[in-house]
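Work through the exercises below with the coordinates open. Each task is followed by a stepwise solution.

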Amino acid sequence: MKEMVINGVRIRPGQTLNIEIAIARLPTHTLIDLPIFIKRAKEDGPVVLISGGVHGDEINGIVAVKRMLEEDLISPLKGTIIFIPLVNVYGFLSNSRTFPDGRDLNRSFPGSKKGSLASQIAFILTNDIIPLIDYGIDFHTGGRMLSNFPQVRVDYRDKKVLELAKAFGTHFILNSPHIDKSFRKEAYKKRKHIMVYEGGESMRLDDYAVEEAVAGTKRLLAHLGMIERDSEPKDTIMISESSWMRAKISGIFTSTVQLGDSVKKGQILAKISDPYGKVKVPVKCTSNGYVVGLNNNPVVNAGDALVHVGKTAS
């Protein structure tokens, strides 16, 4: 079995360890650590990273990884699992997507040892974690008041990660090309395969999104032969492209569809009205597809994203 060392600590076959990497200090001089939990089986196999909280306000992913740890839901029979429940501690403390200086960790890779806080953490992940792994699942949510139905996002050109996304088996797989300076692209450059799971919205717990995250992870690990299978793979819908239906006027937004619904071109998805009942404008679907994301804010401005419609591969 290949040697595994994180932050100077050697993880031997059969070991379960908790490693804390010192990052920096708060202005109060309180030390901030990056806790990493490793479960390594005695038998060799794939190394899989399961991470949450790259954006500090995306709570569902943090809770999903926490649940796997606290309930001891996943113990590998083969290979190694690296859990990082909360990557962006700073954002979590301030209920923020970003770091105190406004930088987005997921646009800061490969990072720098002497750069911004986001850049320093990106550097740690790039140099200490990515080289060790074969595959990864990075848990995310939608934005503020923007909820995503459980979905996995991968670049369809990466056939290996597409295979893993099908094994994960949540409701939708979205074609999502790699974004420059993102965690996923940095891993891909090093021939590692990370998929992004999206479920629910930021700063709001969604039990269903968390359950789907845990169930999908177990299906994926079973597919890799790392754990015993306790549920059958399920069909998932492949989305080739997607677009947001946007508000043409400002007003009170009332949706007539729900997350996961199948929709048709020309169908009325929602209505926008003024507070006085004088103006009512329908929001019509521009293509056949499925509702993969939805705005939960009842008051919208012209141009706001309202309904995210995904089109299936032809």
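## Exercise 1: a helix and its cover

In helix H4 (residues 159-168), the buried residues are Val161, Leu162, Leu164, Ala165, Ala167 and Phe168. The model is predicted.

Task: Find which elements cover the buried residues of H4.

Solution.
- Step 1. Start with the strands. The cover includes strand E7 (135-142), strand E8 (146-154), E9, strand E10 (193-201) and strand E11 (237-246).
- Step 2. Add the helix. H6 is also part of what covers these residues.
- Step 3. Check the spacing. An α-helix has 3.6 residues a turn, so residues three or four places apart point the same way.
- Step 4. Look just past the end of H4. Gly169 takes a positive phi of about 70° there.

## Exercise 2: the nonpolar cores

Task: Determine which residues touch the most other members of the largest nonpolar core, and which helix gives this core its largest share.

Solution.
- Step 1. The largest nonpolar core has 71 residues. Ile6, Ile36, Ile82, Ile84, Phe139, Val154 and Met195 touch the most other members.
- Step 2. Helix H6 (residues 207-223) supplies the largest share of this core, with 7 residues.
- Step 3. Another core lies apart from it. That one has 16 residues, including Met245, Val291, Leu306 and Val307.
- Step 4. Take Phe139 and skip neighbours within four places in sequence. Its contacts are Ile50, Ser51, Gly52, Gly53, Glu58, Gly61, Val65, Met68, Phe168, Tyr197, Ala213 and Thr217.
- Step 5. Set this against the general rule. In soluble globular proteins, nonpolar side chains tend to be buried together.

## Exercise 3: ring pairs

Task: Count the aromatic pairs, then classify Tyr90 with Phe99 and Phe172 with Tyr290.

Solution.
- Step 1. The count comes to 7 aromatic pairs.
- Step 2. The ring centres of Tyr90 and Phe99 are 5.7 Å apart, and their planes meet at 40°, so this pair is tilted.
- Step 3. Check burial. Tyr90 has a relative accessible area of 6% and is buried. Phe99 is buried too, at 3%.
- Step 4. For Phe172 and Tyr290 the centres are 5.6 Å apart and the planes at 55°, so this pair is also tilted.
- Step 5. Place both rings. Phe172 lies in strand E9 (residues 172-175) and Tyr290 in strand E16 (residues 289-295), so the pair ties together parts 118 residues apart in sequence.
- Step 6. Phe172 is buried at 2% relative accessibility. Tyr290 is partly exposed, with 22%.
- Step 7. Extend the network. Ring pairs link Phe149, Phe172, Tyr208 and Tyr290 into a cluster.

## Exercise 4: two polar side chains in loops

Task: Decide whether Thr98 is buried or exposed, do the same for Lys192, and list their contacts.

Solution.
- Step 1. Thr98 sits in the loop between helix H2 (89-93) and helix H3 (117-129).
- Step 2. Its relative accessibility is 18%; the cut-off for buried is under 20%, so Thr98 counts as buried.
- Step 3. Beyond four places in sequence, Thr98 is in contact with Asn88, Gly91, Arg103 and Asp104.
- Step 4. Lys192 lies in the loop between helix H5 (183-189) and E10. At 14% relative accessibility, Lys192 counts as buried.
- Step 5. Not counting residues up to four places away, Lys192 touches Ile130, Pro131, Ile133, Asp134 and Ala187.
- Step 6. Lys192 and Ile130 are 62 residues apart along the chain, yet their C-alpha atoms are separated by 7.4 Å.

Conventions. Residues numbered from 1 in each chain as written. Predicted model: local features only at pLDDT ≥ 70, side-chain atom pairs only at ≥ 80, totals over all residues. Heavy atoms only, no water. Core = buried A, V, L, I, M, F, W, Y, C linked by side-chain atoms within 4.5 Å. Buried < 20%, exposed > 50% of the residue type's maximum accessible area, 1.4 Å probe, protein only. Helix = DSSP H or I, 4+ residues; strand = E, 2+ residues; numbered from the N terminus. Contact = heavy atoms within 4.5 Å. Phe/Tyr/Trp six-rings, centres within 6.5 Å; stacked < 30°, edge-to-face > 60°.
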